[in-house]
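Reader: Hi! I am new to protein structures and would like a close look at the aromatic rings in this one. Could you walk me through them, please?

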Amino acid sequence: MTSPNSKAFIIMHSVPLDPSVFSVVLNNLNQQILISNQAGLVLYFNDLFYANAPYPLEIGSSIHDIPFADIMQKEDKEALSLLYKSILVRSSKQFRYDFKCLQKDGNRYWLRLVNTEIEVGNGEYYFLHQIENIENQKQLVARLKQEKEKAEESDRQKSAFLANMSHEIRTPMNTIIGFTKLLAETSDQEEKDQFAEIVQSSGSHLLNLINDIIDISKIEAGFQDMKLLPVNLNDLLGDIKKLYLHDKRLIVKNLQLELESGLPELNATILTDDTRLRQVVSNLVDNAIKFTDKGTIVFGYKLPNETYNDGTPKLLFFVKDSGIGIADEDQKRIFERFQQVNEENKKMGTGLGLSIVNSLIKKLGGDIWVESVLGNGSTFYFTIPYLQKKKMTVPKTQKNSEETPDFQERVILIAEDIATNYQYLEVLLRKTKAQLIWVKNGKDAVKEVLSERQIDLVLMDLRMPIMDGYSATKQIKLIKPKLPIVAVTAFAINGDMEKAFDFGCDEYITKPVMKQELFDKMKLFLGS
Ligand code: ADP
């Protein structure tokens, strides 16, 4: 069956066209066109060819006169000449070849040449040369290839990370399980103390690891918000120094730890994120202690006369050690994830610290770098903006006494589904003489509050079966708005704290619960 248009098509096809129409058509193609004969004489070229040819071009001239050596690479010239020969000896009728070639504007672009042999009668042949500029296409392909390689690399890194993590987590876990068993079996007090210490140190290593992983996932997910509040730098660095002066490694290696505060008390208060800055400096001081066997570690900050592009003055922090140093070629990569100078370091750390520090500093608006000589110590530097609020006073953190508070006659409702977590709280609170009520889900917590029994404070786990801690808190606050509720949770992800407060919690404490922190938070509501 013929289509309704077939007649019209046949008629159009048979209309003799003026040769100049072909020229118009060829000039409107987005390809450079050149036609030559068997002898290599140029018979035709379109406007685009003429506009781009970097050599003089005339009808009747020979394509063999084109200075190929000047416009393309030797290997392309040789490959093309072979391909032409294959056409001349009739082993093929067409070839396609991509190569970089000089064009009239002085740039070299990726071009795609399609060369076709056309028989024009009487044993004569013409050659149709079609050239297309494929520079954008090539760039796109190169970009996609790069992106693909990046994605594959990141995938490889993630798998390596998971494999590494699983090993890293198993090691302290095995120690904890092994030594807890030994602890239960031995009656020798000296051994008991030794085993308990091992369990504790493996436990805190495990916690560091988990914190690092959580930090990384927070940074990756993009919700590591910075809270800029007044922070007294001298107090912050002073706290860190106090903390590390008790560090066993410092004492064993007899290292000196010195602090150089660069500003007087009055000017040392800036707007920054206290937790994140503490995390960054602690991490660098920790590394300095880890990688130094003797000598001194000096850390501190100064206010050099330098500003960021927007005119904000720069604060320069430094952590200088007299340790093993870092070779030039390693100084950049140690800020990347999972990068450690050598395999031995795996025993001492996760290889994640500096990459977290690097991301945090960027979020705080600064830069970080290291200057070091292998075998001769390292100095880590970082900057953050010196954002000062006029007449700002930072309340000194009130140090709470470390005595066990007396909660006799106080009734604490503990909502916690996991028995060992409850037992742990029970042991911590035993000496306070508080009366404890244990419920294992949010629904029972609400029921207890409704029972009219005296309850002075609730310790509320957030993730529980049947009804979670958020909903339970909301309902309890409707019944007894003044009953203090302290959220106790393992959710260390940013945003949980805000969520807990949104649902009505009055305070928040993360697991593993530290005795002093628990007492301090409870004392806020119960007194001591
Ligand atoms: P790690 O948990 O291994 O310490 P980091 O990301 O904190 O991970 O550090 C990465 C690597 O950088 C370390 O394993 C170590 O090789 C090197 N490094 C970091 N700080 C120092 C330092 N102060 N002196 C020498 N090498 C260091």
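Author: Happy to help; below we go through the ring pairs, then some neighbouring topics. Please keep in mind that this is a predicted model.

Let's begin with the rings themselves. A pair of aromatic rings is described by two things: how far apart the centres are and the angle between the planes. The structure holds 10 aromatic pairs. One of them is formed by Tyr 84 and Phe 95, with 5.4 Å from centre to centre and 85° between the planes. That pair is edge-to-face, because planes over 60 degrees apart count that way. Where do these two residues lie? Tyr 84 is in helix α5 (residues 74-88), while Phe 95 belongs to strand β3 (residues 94-102), so the pair ties together parts that are 11 residues apart in sequence. As for their surroundings, Tyr 84 is partly exposed, at a relative accessible area of 22%. Phe 95 has a relative accessible area of 5% and is buried, because buried means under 20%.

Now for another pair, Phe 335 and Phe 380. The centres of these rings are 6.1 Å apart and the planes meet at 70°, so this pair is edge-to-face. Phe 335 sits in the loop between β10 (314-320) and α11 (353-363), and Phe 380 is in strand β12 (residues 378-385), so the pair ties together parts that are 45 residues apart in sequence. Both Phe 335 and Phe 380 are buried.

Rings can also be grouped: Tyr 301, Phe 317 and Phe 382 form one aromatic cluster.

Next, look at rings with a charge over them. Lys 440 lies over the face of Trp 438, at 4.6 Å from the ring centre. In the case of Tyr 470, the charged end of Lys 499 sits over the ring, 4.2 Å from its centre.

Let's finish with two places beyond the rings. On the surface, Ile 169, Met 173 and Ile 177 form a nonpolar patch, and together they have about 230 Å² of accessible area. Ile 177 is part of helix α6 (residues 135-185). With 53% relative accessibility, Ile 177 counts as exposed, because the cut-off for exposed is over 50%.

Glu 416 is found in the loop between β13 (411-415) and α12 (419-430). Is Glu 416 buried or exposed? At 2% relative accessibility, Glu 416 counts as buried. The side chain of Glu 416 also makes a polar contact with the side chain of Asn 421, at 3.4 Å.

Technical notes. Residues numbered from 1 in each chain as written. Predicted model: local features only at pLDDT ≥ 70, side-chain atom pairs only at ≥ 80, totals over all residues. Heavy atoms only, no water. Phe/Tyr/Trp six-rings, centres within 6.5 Å; stacked < 30°, edge-to-face > 60°. Helix = DSSP H or I, 4+ residues; strand = E, 2+ residues; numbered from the N terminus. Buried < 20%, exposed > 50% of the residue type's maximum accessible area, 1.4 Å probe, protein only. Lys NZ or Arg CZ within 6 Å of the ring centre and 35° of its normal. Patch = residues over 30% accessible without salt bridge, like charges linked within 9 Å, V, L, I, M, F, W, Y side chains within 5 Å. Areas by Shrake-Rupley, 256 points an atom, 1.4 Å probe, with all protein chains shown as cover. Salt bridge = Lys/Arg side-chain N within 4 Å of Asp/Glu carboxyl O. Polar contact = N/O pair within 3.5 Å; in protein donor to acceptor, adjacent residues only side chain to side chain.
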